[in-house]
Amino acid sequence: TPICPLSFSQLVYLKSVQSPDHSLSLSLALSRFRRLCPCPAKLAMTSSTARHPIFLEGENCKASWKEASAGYDQTDTHLEIMGKPVMERWETPYMHSLATVAASKGGRVLEVGFGMAIAASKIEEFDIKEHWIIECNEGVFQRLQEWAKTQPHKVVPLKGLWEDVVPRLPGEHFDGILYDTYPLSEDTWHTHQFAFIKGHAYRLLKPGGVLTYCNLTSWGELLKNEYSDIEKMFQKTQVAHLVEAGFKKENIHTTVMDLAPPGDCRYYSFPKMITPTLIK
């Protein structure tokens with residue numbers, strides 16, 4: 001069987017797990033890595049593998065995600081963790097759209113997921129008072145801490161899975177929330193945002209506060225296989241959950257932008273993107 005080529009993040013991972021005395025061999029480290037997550041070469045969106053999903057049936061990366069190496073490439077245009085395409089620089093106009101909504105009320109903003117600081121840097125351009133950011137991955141969190149030192153507004157970095165951090169946050173504390181985390185399992189691929197929104201978002205927002213969010217890894221798959229209209233996709237797969245969380249239908253709005261991803265993007269190929277705005 002031919003061996004798949006390694007991604008940047010895989011190489012970083014292999015280097016990080018080798019022990020100083022080399023008692024953990026490269027071959028053993030590679031074997032462990034490939035048991036954790038499939039080789040990205042097998043999932044790459046090429047003509048021969050376009051039908052392969054980001055997650056395989058039953059796959060779960062949650063237990064290893066926090067300590068897995070954050071694979072920022074040399075040009076800082078891609079972030080991979082455990083071989084998963086977490087974020088890419090082409091998303092910038094869309095991330096700025098989400099950030100604009102989250103910061104539109106000023107005050108205190110909560111951002112769930114830091115990634116490449118694309119949305120975070122845009123939020124800092126607005127007249128806000130505080131910027132709270134939850135990030136669970138160790139390497140990404142270290143980058144968040146360094147980034148926070150140079151920002152114009154108070155940044156509160158919060159380390160951990162949002163499931164562990166958010167329940168400790170006070171109610172009606174935030175004027176705006178941006179939720180954009182990566183799914184960590186096949187089981188929660190299309191639904192992890194609803195666990196946050198139903199369980200916490202409405203409680204955390206001040207009256208009149210605003211929530212925006214995305215799940216591009218899910219929406220990209222839905223728009224590839226089930227829907228050709230992005231607004232219909234949102235209405236059919238998202239709105240009922242948002243209403244169940246407490247948001248009134250008349251306070252749920254969306255805007256659509258044209259943004260074509262590069263042809264080699266594994267998680268999104270639709271030429272439009274949708275920004276939700278939910279008012280409490």
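Guide: Contact means heavy atoms within 4.5 Å. The model is predicted, so local features need pLDDT of at least 70 and side-chain atom pairs count only at pLDDT 80 or more, while totals for chains, interfaces and linings use all residues. Residues are numbered from 1 along each chain as its sequence is written, and side-chain values use heavy atoms, with hydrogens and water left out.

Visitor: Which residues of helix α11 are buried?
Guide: Helix α11 (helices are DSSP runs of H or I, at least four residues, and strands of E, at least two, numbered from the N terminus) spans residues 230-237. Buried means under 20% relative accessible area, exposed over 50% and partly exposed in between (1.4 Å probe, protein chains only). In α11 the buried residues are I230, M233, F234 and T237.

Visitor: Why do the buried residues of α11 line one face of the helix?
Guide: An α-helix has 3.6 residues a turn, so residues three or four places apart point the same way. In α11 the directions from the helix axis to the C-beta atoms define the arc. The buried residues of α11 line one face because, seen down the axis, they fall within an arc of 95 degrees.

Visitor: What covers the buried residues of α11?
Guide: The cover of the buried residues of α11 includes helices and strands. Among the strands are β8 (205-213), β9 (252-258) and β10 (272-279). The helices in the cover include α9 (192-204), α10 (216-225) and α12 (239-244).

Visitor: Which residue caps the N-terminal end of α11?
Guide: At the N-terminal end of α11, the backbone nitrogen of E231 lies 2.9 Å from a side-chain oxygen. That oxygen belongs to the capping residue, D229.

Visitor: Is E221 buried or exposed?
Guide: E221 is found in helix α10. Leaving aside neighbours within four places in sequence, E221 is in contact with P53, W189, H190, E226 and Y267. The side chain of E221 also makes a polar contact (a pair of N or O atoms within 3.5 Å, one able to donate a hydrogen and the other to accept it; residues adjacent in sequence count only if both atoms are side-chain atoms) with the side chain of N225 at 2.9 Å. With a relative accessible area of 13%, E221 is buried.

Visitor: With which side chain does the side chain of T77 make a polar contact?
Guide: T77 is found in the loop between β1 (70-72) and β2 (78-81), and is partly exposed, with a relative accessible area of 23%. Not counting residues up to four places away in sequence, T77 touches M87, E88, R89 and M116. The polar contact of the T77 side chain, at 2.8 Å, is with the side chain of H78.
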